[in-house]
Amino acid sequence: MNPWLTRLKQTTYNTTFMYNVRMLIAFAGTAFVPYLLNAQLATIPLTLGVVAAAISDIDDRFSVRILNLIYTYIGFFITAASVQLLFPYPIVFAIGLIVSCIGWILLGSLGRRYATIAYGCLVVSVYTMLGVHLFEQWYLQPTFLVLGAAWYGLLSTISFLLFPVRKVQDQLSASYSALGSFLYAKSNLFDVDMTPSSYQQSMIDLALENGKLVAIFNEMRMSLLTRLKGDRGQKDTRRSLQYYFVAQDIHERADSAHIDYQKLAKVFQHSDILFRFQRILSIQGKACQDLAHSILSRSPYVHNKRFKHSFENLRISLEKLREDGLYDQVRINALFALYQNLKSIDAQLQNLETERNLKLINAQQAENQLKDDDLKGWNDIIVRVKQHLTPESVLFRHAVRLSIVLFIGYVFIQVTHIAYGYWILLTALFVCQPNFNATKRRLYLRIVGTLMGIIVGLAIIYFIPSIEGQLVMLVISGVLFLELRSKQYAQATAFITILALINFNLDGSAFAAGLPRFIDTLIGCALAWFGVSFIWPDWKFRRLPRSIQRSFQAQCKYLAEVVEQYHQGRNNALNYRVVRRAAHNTDAEVASLISTLATEPNIESTQKTLAFEFLCLSHTFLSYIAALGAHREQIQDQEVLTLLDQALDDIQGALLRDEVPDLSAQNMMQTIREHLNRKEENNQKSLIILQQLSLMLSILTRLSMLKQSLSHEPNEDGTEFASL
């Protein structure tokens with residue numbers, strides 16, 4: 001192939017570069033076409049329409065993408081036209097502002113696509129307020145906003161048709177990259193020099209990496225699901241599904257815990273065995289990230305040849321430990337189980353891209369399904385909305401909170417007639433998030449970014465007085481804003497501020513708008529802080545008891561499904577993957593809640609300490625279940641099956657019904673120890689099961705106590721009263 005064609009093809013693999021090229025074309029069109037037509041004021045709504053459409057863009061298959069675009073344009077026009085028509089009537093406008101804000105946010109209860117479109121409509125409503133004076137005819141600004149959005153939609157649709165699987169491949173790459181980071185974090189648990197505090201920090205890091213990975217898996221699942229609905233037997237779709245299932249299987253095996261790592265580090269402190277496990281986990285993490293790079297660059301993945309040598313040396317070391325007889329055979333058996341688990345991960349990576357493995361995946365149609373969470377009709381719509389019509393719903397509280405914040409801001413603008421006051425509403429809309437921690441973080445970044453943008457923007461306007469030069473800077477600022485908005489919020493804010501000032505300069509008022517823009521930002525941030533602090537404040541520690549209960553319910557369902565498969569036989573069908581995903585999702589939610597406690601007021605240090613201890617133990621418990629799941633297959637040993645059923649009942653009683661587990665758990669532990677001591681080596685599967693039950697029951701009492709300690713509802717001042 002021609003070297004230039006090869007280089008061009010490789011360039012198209014760079015998603016970030018191609019996205020920036022698309023946005024460059026989009027902003028160049030909205031900036032220079034009105035300039036050439038001598039209709040420069042149209043640049044303002046056209047550019048803002050592109051921004052709003054980019055914020056509202058949703059990945060989907062072609063037919064649904066077209067529907068999404070139509071819904072978006074209709075929503076944008078209705079929203080903008082309503083603002084234009086109601087703007088002269090402050091009382092009616094204020095009522096409409098509250099109702100529409102609550103309505104748009106609650107629309108998000110119907111799913112991600114509706115939430116994204118609704119947020120774009122909210123942004124358009126404030127953009128329309130900013131430019132309500134630009135045109136005499138009420139329909140011109142709504143029309144230009146929709147035209148800008150349609151221009152972006154045309155470019156994004158062309159990009160989709162040229163690269164239909166690009167988004168899925170990017171998410172696959174992100175999944176394996178995050179999986180690699182998770183394996184690196186897991187390898188830290190095999191550090192023989194760890195202290196209790198460093199072990200806890202390693203467990204916290206592992207739980208947080210698990211949360212990131214689960215979030216990426218959820219995004220990946222949604223993209224695959226929408227592709228599969230429109231699939232016509234395409235090889236790329238099937239291969240992507242194969243990669244996704246393999247990543248999930250590797251995750252379950254990697255998250256498995258076959259032994260207490262703290263005790264393990266003490267027992268084998270002067271042996272090389274833990275270093276060998278740590279090394280294999282590290283190079284498996286590197287292999288996952290190499291695979292991620294291969295997916296991005298569309299190049300074949302080459303499995304590292306060092307694995308064979310490393311696994312052989314690890315096996316020899318384990319055999320030597322068993323022959324020496326210096327260590328507890330239960331621990332040696334657990335290490336062998338871990339060895340087999342890592343070998344299974346290695347086999348998954350090695351065979352991932354083989355045609356034989358792809359055919360095997362395609363043959364297992366019963367295990368090839370994804371749960372469809374899309375709407376099923378009007379009854380489903382009514383049910384989902386009703387679920388959120390309660391103060392218990394985070395979405396409902398956010399809808400009411402944000403609508404009140406915007407109403408207060410609007411009243412303030414009407415009373416004070418502050419210059420460019422609608423920037424207050426835009427700032428409050430962008431900064432006010434559903435929880436305190438996210439809002440607090442954005443407050444600082446928004447203020448810093450706005451100040452930077454004003455300084456740089458006014459300098460650009462002063463030193464580049466020509467309209468053509470300023471339009472070039474407008475295009476660059478728009479591209480950089482969209483590129484950085486989810487990565488570097490302060491820098492993104494700076495670039496959107498530069499874009500806004502250049503737009504103002506088209507109306508001849510950039511220098512007059514600079515200081516008011518900063519003042520409005522400060523007021524908008526203050527309103528957002530007031531909202532999250534005093535209007536149904538959503539402190540995360542108040543949600544912790546409910547999140548803990550949901551997490552334990554999901555973990556118990558996961559364990560029950562694993563136990564059932566030891567009775568009936570292994571399968572990886574939809575129900576198993578759904579309960580496994582729910583367990584990891586709720587675990588990630590708890591990890592996210594607890595990790596942000598330090599940023600919230602009114603939480604006692606004792607509660608914080610207990611919460612982090614709970615996070616470590618809860619994720620450890622999930623890892624013990626994952627180990628059982630990784631080795632699941634039908635067994636015939638009735639004694640072990642009876643113990644499994646009894647353990648499941650004890651665990652459900654302790655974690656779900658707050659029953660005291662001491663007596664039954666102690667009896668169970670004694671029974672398990674007796675079984676472990678008399679089981680023969682050839683019954684390795686039963687030994688793994690018994691070992692995992694022993695590990696789960698050993699932390700069950702403490703886990704139940706921590707749950708009860710944290711399951712108290714705090715008063716407004718941070719003190720507690722027992723839940724009724």
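This text leads from the chain as a whole to the packing of helix α5 against two other helices, and then to the cysteines.

The model is a predicted one, and its protein chain carries 28 helices and two strands. Of the 724 residues in that chain, 55% count as buried. Among the contacts in the chain with a separation of 6 or more, 82% come from residues that lie 24 or more positions apart.

Helix α5 offers a way into this arrangement, beginning with its contact with α4. Helix α4 spans residues 62-86 and helix α5 spans residues 90-107, and their axes come within 10 Å of each other while crossing at roughly 160 degrees. Because angles over 145 degrees count as roughly antiparallel, α4 is roughly antiparallel to α5. The crossing in which α4 passes α5 is left-handed. On the α4 side the contact is made by G75, T79, V83 and L86, and on the α5 side by V92, F93 and W104. Sorted by class, the residues of this contact are five nonpolar and two polar, with no charged residue.

A second partner of α5 comes from much further along the sequence numbering, namely helix α17, which covers residues 394-416. The axes of α5 and α17 are 8 Å apart, and the two helices pack at an angle of about 155 degrees, which makes α5 roughly antiparallel to α17. Here α5 passes α17 in a right-handed crossing, whereas the crossing of α4 with α5 is left-handed. From α5, the residues P90, F93, A94, L97, I98, C101, I102, I105 and L106 take part, and they meet L395, F396, H398, A399, L402, S403, L406, F407, Y410 and Q414 of α17. This contact of α5 with α17 comprises 16 nonpolar and three polar residues, and again no charged ones. F93 of α5 is named both in the contact with α4 and in the contact with α17.

One of the α5 residues that meet α17, C101, leads on to the cysteines. The structure holds zero disulfides, and the surroundings of C101 show why this residue forms none: the closest cysteine sulfur, in C432, is 8.9 Å from the sulfur of C101, too far for a bond, since a disulfide requires the two sulfur atoms to be within 2.5 Å. C101 has a relative accessibility of 0% and therefore counts as buried. C121 likewise counts as buried, because its relative accessibility is 0%.

Methods. Residues numbered from 1 in each chain as written. Predicted model: local features only at pLDDT ≥ 70, side-chain atom pairs only at ≥ 80, totals over all residues. Heavy atoms only, no water. Axes fitted to C-alpha atoms, helices over the stretch in contact; angles between N-to-C directions. Helix = DSSP H or I, 4+ residues; strand = E, 2+ residues; numbered from the N terminus. Parallel < 35°, antiparallel > 145°, perpendicular 65-115°, else oblique. Left-handed = near helix turned anticlockwise from the far one by under 90°. Contact = heavy atoms within 4.5 Å. Nonpolar A, V, L, I, M, F, W, Y, C, P; charged D, E, K, R; others polar. Buried < 20%, exposed > 50% of the residue type's maximum accessible area, 1.4 Å probe, protein only.
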